[in-house]
Amino acid sequence: MNRNDKDQTEQNLAVPERRGRGRPQLRSDDETRALIYEAARREFSERGFAAASIADVACRAGVSTKTLYRLIPTKLALFEGMVTDRVDRFVSIVSLGACDGRNVAAALEAALLTCAELILDAEVIALQRIILAESDKFPDIAETFYEKAMQRTIAALASWLGVQQRRGRIVLDDTEAAAGMLLGMLVFKPQRDVMFGHKPVLTRNEIEARAKACAALFLSGCAVPAGQANAQNGGA
């Protein structure tokens, strides 16, 4: 072997062998479920429960029907998982917000904004219309939505209020009842306006303004002080 051949051999040994491209990493089941639930939200809100197609959900999510059924075996399980997935993320945001260092007014505004963004979302309102229309034939979807969405939303806000009460920021006799009344004040009218076709879904700015007004009204109360009320009655 001459000198040049020896040098070339040593260079070849020094350079690591280039590896071929391996198989791309597969998506996890949790990531796949998230895609399926997102697709299911669109499918159910557009077509209703009865007309919703599992095959179309799989197509929207970019997965095979076989994969969808492996992860979620029935249409009802898909509906329940879709609702739970959305509310889980909402509860997480509200729970984290209860532990921040903002003053109670700003913190309550943020919590109510999160609630309103969920409840007044166009797809969520469309879903409620469908549930009301189809609950006679499919009572399980109404029960699922009531327990997994409506009750958990109230419970999350009640828990938030409980944290503030333990910190000495507010005083309430019943945090769950207060949460229900507060949510009613926040979303009842705009939600019904949309459901009955009288007004469009609120814009982000409108939701923020409503959350701020409801927070202020809740924290300050709306009763006129006794002295002022007497003066007004005397001048009537």
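In what order do the elements of the protein chain run from the N terminus on? Colour the chain by secondary structure and follow it from that end: the order is α-α-α-α-α-α-α-α-α-α-α. The count is 11 helices and zero strands. Keep in mind throughout that this is a predicted model.

**Stop 1: the whole chain**

Select everything. The protein chain has 236 residues, and buried ones make up 34% of them. Now turn on the surface. About 14500 Å² is exposed, with carbon and sulfur atoms supplying 54% of that area. Next, think about contacts between residues at least 6 apart in sequence. Of these, 70% join residues at least 24 apart.

**Stop 2: the largest pocket**

Move to the largest pocket. It holds about 640 Å³ of space. Its lining counts 30 residues. To find the centre, select I119, Q128, F145, M150 and Q191, the lining residues closest to it. Then show the helices around them. Two or more lining residues come from each of α2 (29-51), α5 (75-97), α6 (104-119), α7 (122-134), α8 (139-166) and α9 (175-195).

Which element gives the largest share of this lining? Select α9: eight of the lining residues belong to this helix. Now colour the lining by residue class. You should find 19 nonpolar residues, seven polar and four charged.

**Stop 3: T32**

Go to helix α2 and pick T32. Is T32 buried or exposed? T32 has a relative accessibility of 6%, so this residue counts as buried; the cut-off for buried is under 20%. Show what surrounds the side chain and backbone here. Setting aside neighbours within four places in sequence, T32 is in contact with R27, V63, T67 and L71. Select those four residues together with T32 to see the set.

**Stop 4: M181**

Jump to helix α9 and select M181. This is the helix that supplied eight residues to the lining of the largest pocket. Why does M181 count as exposed? Its relative accessibility is 61%, and exposed means over 50%. Set that beside T32, which counts as buried at 6%.

Finish with a distance. Draw a line between the C-alpha atoms of M181 and I154. The viewer should give 9.5 Å, for two residues that are 27 apart along the chain.

Terms used. Residues are numbered from 1 along each chain as its sequence is written. This is a predicted model: local features need pLDDT of at least 70, side-chain atom pairs count only at pLDDT 80 or more; totals for chains, interfaces and linings use all residues. Side-chain values use heavy atoms; hydrogens and water are left out. On a 1 Å grid over the protein atoms alone, a cavity is a set of points where a 1.4 Å probe fits but cannot get out, and a pocket is an open set with protein on both sides within 12 Å along at least five of seven lines; lining residues have an atom within 4 Å of a point. Grid points are joined across faces, edges and corners, and a volume is the space filled by probe spheres set on the points. Helices (H or I, at least four residues) and strands (E, at least two) are DSSP runs, numbered from the N terminus. Ala, Val, Leu, Ile, Met, Phe, Trp, Tyr, Cys and Pro count as nonpolar, Asp, Glu, Lys and Arg as charged, and the others, Gly among them, as polar. Buried means under 20% relative accessible area, exposed over 50%, partly exposed in between (1.4 Å probe, protein chains only). Contact means heavy atoms within 4.5 Å. Accessible areas come from the Shrake-Rupley method with a 1.4 Å probe; for residues, only the protein chains shown count as cover.
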